[in-house]
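Thank you for asking me to look through this model. My remarks follow as numbered points, and I suggest reading them with the structure open beside you.

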Amino acid sequence: MGDAHELGDEGTIRDATFEDLPRIVAIYNESIDGGWSTADLAPVSVASRRAWFEARDPARRPIWVLERGGEVLAWVALTSFYQGRPAYDRTAEISTYVGRDHRGQGIGLRLKRAMIAACPRLGVDVVLSMYFDHNPRTQAINERLGFVEVGHLPEIAVLGDQRRGLKIGLLRIGE
Ligand SMILES: CC(C)(COP(=O)(O)OP(=O)(O)OC[C@H]1O[C@@H](n2cnc3c(N)ncnc32)[C@H](O)[C@@H]1OP(=O)(O)O)[C@@H](O)C(=O)NCCC(=O)NCCS
């Protein structure tokens with residue numbers, strides 16, 4: 001993101017570095033327990049996320065962290081949709097993960113809003129958000145940010161003894 005984005009007492013949003021990867025993975029793993037945010041069912045290893053991390057492109061498909069008091073509390077990433085198919089070059093999926101102890105304080109909304117504001121210079125016209133249909137926080141944030149719900153794939157995931165659906169939110173940048 002070039003210069004870090006200072007938020008005063010609320011922290012700093014900056015590009016993730018390789019040193020952040022263990023914390024990024026730990027935050028991701030904290031979301032698996034609840035069974036309502038990610039399709040992974042068991043903790044992932046840092047090594048297994050290395051290729052994903054190395055594929056990031058700060059100029060087009062960045063991973064940002066929110067840091068406060070020297071601690072990374074949350075992260076947000078843009079990933080290419082159907083990578084390698086050029087017609088989708090200006091479409092990206094957004095993913096946001098906030099550490100367990102810091103949820104519900106507006107951090108997810110703030111990070112997502114900041115990434116969306118950067119989309120014009122990141123070459124992104126369309127942002128997609130894929131989330132389980134029982135994830136009320138993502139739904140609430142998306143509504144606030146103007147995402148339109150364009151899809152609902154009912155009961156396509158199996159989490160424990162329950163089937164869950166996937167919703168697709170779409171935001172056109174500049175509309
Ligand atoms: C989803 C997540 C990123 C949201 O970030 P956050 O910092 O916790 O969320 P915020 O505090 O910015 O906003 C939460 C919103 O959800 C609303 N909310 C919280 N609990 C809710 C509930 N049970 N029902 C309805 N809305 C709820 C809040 O009111 C708030 O909306 P508002 O700003 O309109 O009042 C975060 O909780 C997280 O990392 N969860 C686990 C991982 C995850 O689900 N990631 C998304 C994968 S698709």
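**Notes on the sheet, the core and some single residues**

1. Strand β2 (residues 12-15) pairs with strand β3 (residues 63-68) in the antiparallel sense, and 4 bridges join the two. Please keep in mind throughout that this is a predicted model. Two of the pairs can be found by eye: T12 has E67 as its bridge partner in β3, while R14 has V65 as its bridge partner in that strand.

2. On the β1 side, β2 is paired over 2 bridges, again in the antiparallel sense. Here E6 stands opposite T12 in β2, and T12 is also the residue whose bridge partner in β3 is E67. The strands β1 and β2 form a hairpin with 5 residues between them, and in the turn G8 has a positive phi of about 65 degrees.

3. Seen as a whole, the sheet is open and contains 8 strands, in the order β1-β2-β3-β4-β5-β6-β8-β7, with mixed pairing. Strands β1 (5-6) and β7 (148-159) stand at its edges, and because each has a single partner strand, one side of each is left without a neighbour in the sheet.

4. The mixed character of the pairing can be followed around β6. Strands β5 and β6 run parallel and are joined by 3 bridges, with E93 standing opposite L128 in β6. Between these two strands the chain passes through α3, and this β-α-β crossover is right-handed. Strands β6 and β8, by contrast, run antiparallel and are joined by 7 bridges; one pair to look for is F132 with its bridge partner L166 in β8.

5. Helix α3 (residues 107-122) deserves a point of its own, since the helix lies across β1, β2, β3, β4 (71-80), β5 (91-98), β6 (126-132) and β8 (162-172). Its direction makes an angle of about 40 degrees with β4.

6. Which residues of the largest nonpolar core touch the most other members? They are W64, A74, W75 and L111, in a core of 29 residues. At least two residues of this core come from each of α1 (21-30), β3, β4, β5 and α3, and β4 gives the most, with 7 residues. As general background, nonpolar side chains in soluble globular proteins tend to be buried together.

7. A74 shows how such a core residue is surrounded. If its neighbours within four places in sequence are left aside, A74 is in contact with I27, L66, Y97, V98, G99, H102, I107, G108 and L111.

8. In helix α1, the residues I24, V25 and I27 are buried. Viewed down the axis of α1, the buried residues fall within an arc of 160 degrees, so they line one face of the helix. These buried residues of α1 pack against β3, β4 and β5.

9. Is I107 buried or exposed? This residue, which is found in helix α3, has 21 other C-beta atoms within 10 Å and therefore counts as buried, the cut-off being 20 or more. Not counting residues up to four places away in sequence, I107 touches L66, L73, A74, V98 and H102. I107 and G11 are 96 residues apart in sequence, and their C-alpha atoms are 9.9 Å apart in space.

10. D125 makes a useful contrast, being placed in the loop between α3 and β6. With 15 other C-beta atoms within 10 Å, D125 is partly exposed. Residues up to four places away in sequence aside, D125 touches R90, R172 and I173. The C-alpha atoms of D125 and G84 are separated by 17 Å, the two residues being 41 apart along the chain.

11. Two residues should be checked for their backbone angles. Y82, in the loop between β4 and β5, has a phi near 50 degrees, which is a positive value in a residue other than glycine. E155, which lies in strand β7, likewise has a phi near 50 degrees and is not a glycine. Why does Y82 count as exposed? Y82 counts as exposed because it has 11 C-beta neighbours inside 10 Å, where the limit is 12 or fewer. E155 also counts as exposed, with 11 C-beta neighbours inside 10 Å.

Note on methods. Residues are numbered from 1 along each chain as its sequence is written. This is a predicted model: local features need pLDDT of at least 70, side-chain atom pairs count only at pLDDT 80 or more; totals for chains, interfaces and linings use all residues. Two strands pair if DSSP finds at least two bridges between them. Two residues are in contact if their C-beta atoms, placed from the backbone, lie within 7 Å. Axes are lines fitted to C-alpha atoms, for helices over the stretch in contact, and angles run from 0 to 180 degrees between N-to-C directions. A crossover is right-handed if, with the strands pointing away from the viewer, the path from the first strand over the helix to the second runs clockwise. A nonpolar core is a set of buried Ala, Val, Leu, Ile, Met, Phe, Trp, Tyr and Cys residues joined through C-beta atoms within 7 Å. The arc is that of the directions from the helix axis to the C-beta atoms.
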